[in-house]
Amino acid sequence: MDLTLFLQQFLNGLSIGSVYAIFALGYTLVFSILGIINFAHGAVFTLGAYFTYALMGGTFGFNGLWANARIPVDLPFAVALILGSVMAGVVGVIVERVAFLPLRRRHSDSLLTVVSSLGVAVAIANIIQYLVGAEIYTFPANTYGYLPAAINFGTADKPIPIRSVQIVIFAVSVAIVAVLTYLINFTKFGKAMQAVAEDATTSSLLGIDTDRYIVLTFFVSSFLAGLAGSLVGSSVSIAGPYFGIAFGLKGLAVIVLGGWGVFLGRFWVGL
């Protein structure tokens with residue numbers, strides 16, 4: 001294989017792999033606390049992309065209840081990305097309160113919780129389709145401001161053009177992982193979350209509000225899902241209400257290969 005083509009594909013792989021990594025980190029946060037897979041994670045991933053698209057002033061298509069609708073804001077991508085991810089985090093908290101908390105209080109079998117999360121995922125996808133249709137939505141061409149469409153990492157004779165969006169995605173992903181690593185290993189929140197993951201009952205007896213930390217974990221997990229969805233949407237477009245499902249399946253593969261209990265393992269496997 002030509003070295004130039006290899007390097008180009010390698011850098012492209014780093015970009016998309018980093019998105020899978022932060023998506024899988026959201027999966028593993030919930031699994032570490034509750035010991036279950038939240039299959040609604042992919043639906044929240046999709047919602048994050050729609051939220052960011054709407055906050056940037058995007059207009060919805062001709063189908064759905066909100067046909068041709070547009071909210072009266074036109075935020076820069078960075079601001080819309082953060083707000084959209086926060087909104088996805090709030091949706092994750094609502095999902096936990098509706099789909100997980102009642103079953104947890106009844107000490108239901110974990111299989112019922114998985115089925116509940118699957119039901120929520122289907123419901124969210126259908127609500128999206130009902131409101132804004134199933135059209136493909138593309139982010140504006142100037143999403144990343146004045147950055148050039150591609151940056152050359154090679155020479156004039158052997159150019160290695162890489163899309164700027166892929167470089168931004170990789171940089172954001174690395175920054176997110178660094179922040180999460182610090183948050184989990186060096187802060188009170190992280191230590192408490194690790195304690196709840198180790199033994200929720202003992203943590204409660206020691207004065208840790210386990211329910212509060214479960215809610216915070218769902219918020220952080222869903223924030224990561226929304227962030228990943230927005231980054232992917234800005235790169236390849238939003239391919240309808242179900243476009244988070246494929247990423248959800250690949251995210252599951254990442255957490256299996258990275259190790260169920262290894263936090264940074266997901267990131268390196270994703271890459």
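## A look around a mostly helical chain

Phe100 is buried, with a relative accessible area of 2%. Here "buried" means under 20% relative accessible area, "exposed" means over 50%, and "partly exposed" is in between (1.4 Å probe, protein chains only). Before going on, a word on the model: it is predicted, so local features need pLDDT of at least 70 and side-chain atom pairs count only at pLDDT 80 or more, while totals for chains, interfaces and linings use all residues. Residues are numbered from 1 along each chain as its sequence is written, and side-chain values use heavy atoms, with hydrogens and water left out.

**Phe100 and its partner**

What about the ring of Phe100? Aromatic rings of Phe, Tyr and Trp (its six-membered ring) pair if their centres lie within 6.5 Å; planes under 30 degrees apart are called stacked, over 60 edge-to-face, and the rest tilted. By this rule there are 14 aromatic pairs. In one of them, the centres of the Phe100 and Phe218 rings are 5.0 Å apart and the planes sit at 55 degrees, so this pair is tilted. The two partners come from distant parts of the chain: Phe100 belongs to helix H3 and Phe218 to helix H8 (residues 210-236), 118 residues apart. Phe218 is buried as well, at 1% relative accessibility. Ring pairs also join Tyr50, Tyr53, Phe60, Phe77, Tyr137, Phe139 and Tyr144 into a cluster.

**Helix H3**

How far apart are the end C-alpha atoms of helix H3? They are 40 Å apart, which agrees with the 42 Å expected for its 29 residues (77-105) at 1.5 Å a residue. That expected span is 1.5 Å times one less than the number of residues. H3 has a kink of about 35 degrees at Ala99, shortly before the proline Pro102. The bend at a residue is the angle between axes fitted to the seven residues ending there and the seven starting there. After H3 comes His107, whose phi is positive, near 55 degrees.

**Positive phi in two loops**

Most residues other than glycine have a negative phi. Here are two residues with a positive one.

| Residue | Phi | Loop | Relative accessible area |
|---|---|---|---|
| Asn68 | near 60 degrees | between H2 (41-55) and H3 | 56%, exposed |
| Ser237 | near 85 degrees | between H8 and H9 (243-258) | 13%, buried |

**The whole chain**

How many helices and strands does the protein chain have? There are 10 helices and 2 strands, where helices (H or I, at least four residues) and strands (E, at least two) are DSSP runs numbered from the N terminus. Along the sequence, the pattern reads α-α-α-α-β-β-α-α-α-α-α-α. The radius of gyration is 19 Å, close to the 18 Å that the globule rule gives for 271 residues, so the chain is as compact as a globular protein of that length. This radius is taken over C-alpha atoms, and the rule is 2.2 Å times the number of residues to the power 0.38. Along its principal axes, the C-alpha trace spans about 65 × 45 × 30 Å.

Of the 271 residues, 49% count as buried. Contact means heavy atoms within 4.5 Å; among contacts between residues at least 6 apart in sequence, 73% join residues at least 24 apart. Leu5 gives another look at distant parts of the chain: its C-alpha atom is separated by 9.7 Å from that of Pro159, 154 residues apart along the chain. Leu5 sits in helix H1 (residues 3-34) and is partly exposed, at 39% relative accessibility.
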